[in-house]
Amino acid sequence: MKRNAKLRLLVIYILFILVFTTSCSGEKLSAVVVDHDQFSENVGMADAPTEIQGTGLGFVKPEHRDIPPFERPQTEEINIGKYEDLSIYLILLNNSEKEITFLVTVLLDYQQINFSLDGKEGILHEVDVPPSTELELPMNIDVAGEGVHDLQVVAFEDPYNKTLQMDYRMNIHGYVASRRTVIVKGKNENPVRKIKVIEADNPPQGQGTSFGFPLLFAKSPSGDTPSHPSQRQLYVDQAKAGETYSFQLWLSNHGRNEAVDLALIPFMDYKQVKLRSQDMFQEVLVVHLEPNEEAILDAEIKLPENPGVHEMQFVYLYDPYKSILHDEVFSPFVFGSPRVAIDVYSKRD
């Protein structure tokens with residue numbers, strides 16, 4: 001009996017070591033996703049409205065679910081009590097002819113956080129939406145601290161597509177559906193966070209450029225007279241595992257007659273990461289651009305240790321901590337950059 005007991009303890013110990021080793025590997029941690037392969041009875045499913053094409057994302061308060069979609073009250077600013085969480089329904093729309101997989105995540109005050117979707121907790125939630133379907137999923141977010149909060153819910157479409165084809169990678173919006181809203185908790189109407197704003201110091205329409213999308217990437221320049229980023233646009237690249245990857249951000253306010261503050265949030269494999277720029281490591285970078293001004297910023301990001309194709313993408317929006325409801329922002333939308341594929345190879349190769 002004692003021998004059998006010792007054997008059982010040895011087996012348990014070995015299993016513990018295997019589980020611990022697997023859970024602590026970088027590859028395993030980076031792959032943690034909550035899978036919504038089944039929905040609860042609280043999830044609503046309906047035909048996608050014909051007025052909206054493609055994919056989309058929105059919010060509806062629980063008490064407004066029975067109101068027709070285009071008659072519902074606004075959700076651009078939501079007030080909650082001092083001791084309340086945000087409880088709302090997330091709308092995921094797929095008005096296409098094929099099933100689409102989304103990875104859903106939440107940014108609260110420009111930090112990616114854990115949240116509950118249809119009763120499951122996690123940072124990234126995988127949801128498959130059937131063709132021509134609109135889902136309503138109950139969502140709960142812990143909003144800590146009285147004051148004004150910025151909230152963005154982001155759905156990364158087709159997240160497991162590792163193609164290196166340029167026509168896929170050059171999609172200017174990066175297969176992102178997203179919405180933003182302001183959460184006012186309690187009676188305090190001051191923003192809960194102050195974010196440093198960087199002043200752009202590049203000339204208007206740098207080097208005669210007549211077109212500029214708000215955010216594009218460029219490979220790092222080489223030589224004594226580097227070309228403009230428009231000549232070095234970055235969509236696919238190769239790099240060594242675990243290295244510091246250098247590139248440039250090309251930001252533009254071309255064709256606009258008003259100044260903007262552009263907030264950039266970097267992601268690697270759909271997880272928020274720190275970006276080094278302007279001699280600072282930041283999880284959100286805010287750049288002020290005057291009318292027709294552009295900024296070209298050197299940037300660095302740490303690559304994963306595991307080989308394979310990794311996804312670098314930014315989510316960006318205008319005028320953080322300004323009111324959408326009262327038209328204080330240049331644009332009320334949240335945007336996705338092109339999704340750059342970095343083919344990472346082993347250090348031994």
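The exercises below, each with a worked solution, concern a predicted model of one protein chain.

**Exercise 1. Overall make-up**

Find how many helices and strands the protein chain has, and what share of its residues is buried.

Solution.
- Step 1. Count the elements: the protein chain has three helices and 26 strands.
- Step 2. Take the accessibility of every residue: of the 349 residues in the protein chain, 49% are buried.
- Step 3. Look at the contacts in the protein chain between residues with a separation of 6 or more: 79% of these join residues 24 or more positions apart.

**Exercise 2. The salt bridges of Glu 311**

Determine which residues form salt bridges with Glu 311, and decide whether each residue involved is buried or partly exposed.

Solution.
- Step 1. Place Glu 311: this residue is in strand E24, residues 308-318.
- Step 2. Apply the limit for buried, which is under 20% relative accessible area. Glu 311 has a relative accessibility of 1%, so Glu 311 is buried.
- Step 3. Take one partner, Lys 162, whose closest N and O atoms with Glu 311 are 3.6 Å apart in a salt bridge. Lys 162 lies in the loop between E12 and helix H3 (166-169), and the two residues are 149 residues apart. With 37% relative accessibility, Lys 162 is partly exposed.
- Step 4. Take another partner, Arg 169, which forms a salt bridge with Glu 311 at 2.6 Å between the closest N and O atoms. Because Arg 169 lies in helix H3 and Glu 311 in strand E24, this pair ties together parts 142 residues apart in sequence. Arg 169 is buried, at 1% relative accessibility.
- Result. Glu 311 forms salt bridges with Lys 162 and with Arg 169. Lys 162 is partly exposed, whereas Arg 169 is buried.

**Exercise 3. Other salt bridges**

State how many salt bridges the structure holds, and locate the two ends of the one between Lys 82 and Glu 146.

Solution.
- Step 1. The total is six salt bridges.
- Step 2. In one of them, the side chains of Lys 82 and Glu 146 meet at 3.8 Å, N to O.
- Step 3. Lys 82 is in the loop between strand E4 (77-80) and E5, and Glu 146 is in the loop between strand E11 (133-141) and strand E12 (147-157). The two residues are 64 residues apart, and the pair links distant parts of the chain.
- Step 4. Check the exposure of both ends: Lys 82 is partly exposed at 42% relative accessibility, and Glu 146 is partly exposed at 35%.
- Step 5. Elsewhere, salt bridges link Arg 65, Arg 72 and Glu 136 in a network.

**Exercise 4. The nonpolar cores**

Identify which strand gives the most residues to the largest nonpolar core, then list what Leu 264 touches.

Solution.
- Step 1. The largest nonpolar core has 36 residues, and those touching the most other members are Phe 247, Leu 249, Leu 251, Leu 264, Met 312 and Phe 314.
- Step 2. Strands that each supply at least two residues of this core include E17 (244-252), E18 (260-268) and E24. E17 gives the most, with five residues.
- Step 3. Leaving aside neighbours within four places in sequence, Leu 264 is in contact with Leu 215, Leu 249, Leu 251, Glu 283, Val 284, Leu 285, Phe 314, Val 315 and Tyr 316.
- Step 4. A second, separate core has 29 residues, among them Leu 57, Ile 78, Leu 86 and Leu 90.

**Exercise 5. Ala 155**

Decide whether Ala 155 is buried or exposed, and give its distance in space from Phe 102.

Solution.
- Step 1. Ala 155 belongs to strand E12.
- Step 2. The relative accessibility of Ala 155 is 0%, so Ala 155 is buried.
- Step 3. From C-alpha to C-alpha, Ala 155 and Phe 102 are 5.6 Å apart in space, although 53 residues apart in sequence.
- Step 4. Not counting residues up to four places away in sequence, Ala 155 touches several residues, including Leu 57, Leu 92 and Phe 102.

**Exercise 6. The largest pocket**

Describe the volume and the lining of the largest pocket.

Solution.
- Step 1. The largest pocket holds about 870 Å³ of space.
- Step 2. Its lining has 34 residues, and Ile 52, Gly 56, Leu 57, Gly 58 and Arg 179 are the closest to the centre of the pocket.
- Step 3. Sorted by class, the lining has 18 nonpolar, nine polar and seven charged residues.
- Step 4. Strands E3 (54-60), E5 (86-95), E13 (176-185) and E25 (334-336) each supply at least two lining residues. E3 gives the most, with six residues.

Technical notes. Residues numbered from 1 in each chain as written. Predicted model: local features only at pLDDT ≥ 70, side-chain atom pairs only at ≥ 80, totals over all residues. Heavy atoms only, no water. 1 Å grid on protein atoms, 1.4 Å probe; cavity = no way out; pocket = protein on both sides within 12 Å on 5 of 7 lines; lining within 4 Å. Points joined across faces, edges and corners; volume = space filled by probe spheres on them. Helix = DSSP H or I, 4+ residues; strand = E, 2+ residues; numbered from the N terminus. Nonpolar A, V, L, I, M, F, W, Y, C, P; charged D, E, K, R; others polar. Salt bridge = Lys/Arg side-chain N within 4 Å of Asp/Glu carboxyl O. Buried < 20%, exposed > 50% of the residue type's maximum accessible area, 1.4 Å probe, protein only. Contact = heavy atoms within 4.5 Å. Core = buried A, V, L, I, M, F, W, Y, C linked by side-chain atoms within 4.5 Å.
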